[in-house]
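This briefing concerns the aromatic side chains of the structure shown below, with attention to how their rings are arranged and which charged groups accompany them.

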Amino acid sequence: MRRLLGYLVVAFVCAGAPVSASGDLRPLVMAGNYDAIRQLGTGTMPELVRLYESADADEERARVANAFYQLGWKSEGARRALMRDMHTSNQDLRLSVQYALGRVSDDPAVVDALLENMQDDVNPLFRDKAACALAYDQVHLSEAQKVRLFAGLIHALGDPKPQVRAIAIQALEIHTGQRKSFAPDGDASARAAATADWREWLQRYQDSVR
């Protein structure tokens, strides 16, 4: 009977809920050992999200955000957690969040939030790095989903801030290999004509991916 009870106890422990991996993941995240995390598989994402949300320090959250970026795994939980820090006052965390968001999600809200930061943030650094994220890091977007991204960048060509116009055309060029003679510091009429060319291009692109 004792032997049977002992077996049942062991069986219950083995069949119970899996032990949390947070304690094992944290040193890997802090060390930037992304290959080791990658070997553990996408099942680690919920634990990484919990690690992000439970972090006491902005620096630790930035490290987890960097892990999200490097892994490039889609996760709605990661998107929600990162979006809460989209306007944090901590510079390093803010930049890590902007870069990581497109690597974990294809949600249109990510593109919209980055476009807003690119145009309206008071800090030119955050505007510039939002444009970088739009240019390089929207890795899960389909060709059809890119219509929203391109439309936002084309709209930004008319921004009153020369920096915004410059980073918008740079992002468009990175995606398409084209500038369509748009000069961010050119006169208003020339910019308007080039922007009209971009709008025509967008319509053709949208028709091609329907």
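In this predicted model, Y205 has a relative accessible area of 13%, which is under the 20% cut-off, and therefore counts as buried. F150 is likewise buried, with a relative accessible area of 3%. The structure holds 6 aromatic pairs, and the points below take up two of these pairs, the cluster that contains their residues, and the charged side chains that lie over rings.

**The pair of F150 and Y205**
- The ring centres of F150 and Y205 are 5.2 Å apart and their planes stand at 75 degrees, so this pair is edge-to-face.
- The pair links distant parts of the chain, since F150 belongs to helix α10 (residues 146-156) and Y205 to helix α12 (residues 188-209), with their positions 55 residues apart.

**The pair of W198 and W201**
- W198 and W201 also form an edge-to-face aromatic pair, with 5.4 Å from centre to centre and 80 degrees between the planes.
- Both tryptophans, W198 and W201, are located in helix α12, where they are 3 residues apart, or about one turn of the helix.
- W198 and W201 are both buried.

**The aromatic cluster**
- One aromatic cluster is formed by F150, W198, W201 and Y205.

**Charged side chains over rings**
- K180 lies over the face of W198, a member of that cluster, at 5.4 Å from the ring centre.
- R94 lies over the face of F126, at 4.2 Å from the ring centre.

Note on methods. Residues numbered from 1 in each chain as written. Predicted model: local features only at pLDDT ≥ 70, side-chain atom pairs only at ≥ 80, totals over all residues. Heavy atoms only, no water. Phe/Tyr/Trp six-rings, centres within 6.5 Å; stacked < 30°, edge-to-face > 60°. Helix = DSSP H or I, 4+ residues; strand = E, 2+ residues; numbered from the N terminus. Buried < 20%, exposed > 50% of the residue type's maximum accessible area, 1.4 Å probe, protein only. Lys NZ or Arg CZ within 6 Å of the ring centre and 35° of its normal.
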